[in-house]
Amino acid sequence: MPPTSEAGAARRPVWSPLSFVAGLASGAAGQAVGHPLDTLKVHAQAASSERLALRSLWRGAAVPVATTGGIQSLALGIFENTRRVLWPHASPTPLVYLAAAGSTCGVCVSLVTCPLQRIKVLQQLTGASVAPVARAVIADGTLFRALPTAVLWESTRGSFFVLHALCKRPLQPAADGTGAEPALPLWARILAAGTANVLNLAVLYPLNTIWNVQQSELPRGLEHGNGTQSMAQSEFADARGRGILATARALLEEGGVRRFYRGYAYTLLRAFPVAGVIMSCFEVMLPALERSQARLEGKA
């Protein structure tokens, strides 16, 4: 969360429209950094046997890069404003309120991320462009495939924000005697956010695998990138239709616990820089934007 320099009981503005602006830029930057590794992760999770060329790593990048800024704008904006409503003070927000604000923003954005993730996953697996994939899933009635899983997955933003706050505590510089809390240096912000994301995924990654496998079912009229159905398509079609537990059982029977962690290495490589970029950008940009707004209002 943005650093503050006010005394513990001081209050801050509850509504922060600029948090949506900061989230927009932060999300786009993070997605641009992490998309190639995300493509490798999706192929591993869906058990695709296709050999990917370097340019194929950017399949489906246009929509995520264009939309992730909007998604993070919505998510971080909702998080920041919910947090301020729950704790409208300049002192550090209690962890329970961070968890509540993070889960709230996750549930809200799941209604957006579910259909976008469905299209992105199919693009990454098939190499098709946005328009034919979108037409196929809409015609097939599967645009919101695995929505309950999406809600559960996105709600884990709550645990990320708790871990993020805990990771920042040992990195906080000592007080300088002025009564103000020193701001974290940029390297510490990146380290805290990246570490929190890695720790969060270490526990919750199987849920992401279930979601991607559920969403990897090809709609009618759309072929896999190599012209065939992937292994996941034939083995898990019925399980996907039955929901989270059925898909989890199918994955467990296929490869045990290790099956849930396919693509995990790519995710860890992606998790640290993406979270580091998004959260450090957000934490630096939001206070700067609010200070600029305050100066403009003071001159008006």
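Tutor: Let's start with a term: a cavity is a set of points, on a 1 Å grid over the protein atoms alone, where a 1.4 Å probe fits but cannot get out. Its volume is the space filled by probe spheres set on those points, which are joined across faces, edges and corners. This is a predicted model, so local features need pLDDT of at least 70 and side-chain atom pairs 80 or more, while totals for chains, interfaces and linings use all residues. Residues are numbered from 1 along each chain as its sequence is written, and side-chain values use heavy atoms, leaving out hydrogens and water.

Student: How much space lies in the largest cavity?

Tutor: Searching the whole structure turns up two cavities of 30 Å³ or more. For the largest of them, the space comes to about 890 Å³.

Student: Which lining residues lie nearest the centre of that largest cavity?

Tutor: Lining residues have an atom within 4 Å of a cavity point. Seven helices (DSSP runs of H or I, at least four residues, numbered from the N terminus) each give the lining at least two residues: α1 (18-45), α2 (62-86), α3 (95-126), α5 (147-155), α6 (157-168), α7 (186-215) and α10 (264-299). Of the 35 lining residues, those nearest the centre are Q72, W153, E154, R157 and R270.

Student: OK, on to charge pairs. How far apart are the closest N and O atoms of R83 and E80?

Tutor: R83 and E80 both sit in helix α2, three residues apart, or about one turn of the helix. Both are buried (under 20% relative accessible area with a 1.4 Å probe, protein chains only; over 50% is exposed, in between partly exposed). They form a salt bridge (a Lys or Arg side-chain nitrogen within 4 Å of an Asp or Glu carboxyl oxygen), with those atoms separated by 2.6 Å.

Student: How far apart in sequence are the parts that E217 and R145 tie together?

Tutor: E217 and R145 are both buried. Their side chains meet in a salt bridge, 2.8 Å from N to O. E217 is in the loop between α7 and α8 (231-242) and R145 in the loop between α4 (130-140) and α5, so the parts this pair ties together have a sequence separation of 72 residues.

Student: And K168 with E283: how many residues apart in sequence are the parts they join?

Tutor: K168 is buried and E283 is too. Their salt bridge has its closest N and O atoms 2.8 Å apart. Since K168 belongs to helix α6 and E283 to helix α10, the pair ties together parts whose separation is 115 residues.

Student: Which residues do salt bridges with shared partners join into one network?

Tutor: K168 and E283, just covered, are both buried. The network joined through shared partners consists of E80, R83, R84 and E290.

Student: Is V137 buried or exposed?

Tutor: V137 is in helix α4. L222 is 85 residues away from V137 in sequence, yet their C-alpha atoms are 9.1 Å apart in space. Because its relative accessibility is 0%, V137 counts as buried.

Student: What separates the C-alpha atoms of C281 and G30 in space?

Tutor: C281 is part of helix α10. Its relative accessibility is 27%, so C281 counts as partly exposed. Along the chain C281 and G30 are 251 residues apart, but the distance between their C-alpha atoms is 9.1 Å.

Student: What is the relative accessible area of L111?

Tutor: L111 lies in helix α3. It counts as exposed because its relative accessible area is 52%.

Key: 1 Å grid on protein atoms, 1.4 Å probe; cavity = no way out; pocket = protein on both sides within 12 Å on 5 of 7 lines; lining within 4 Å.
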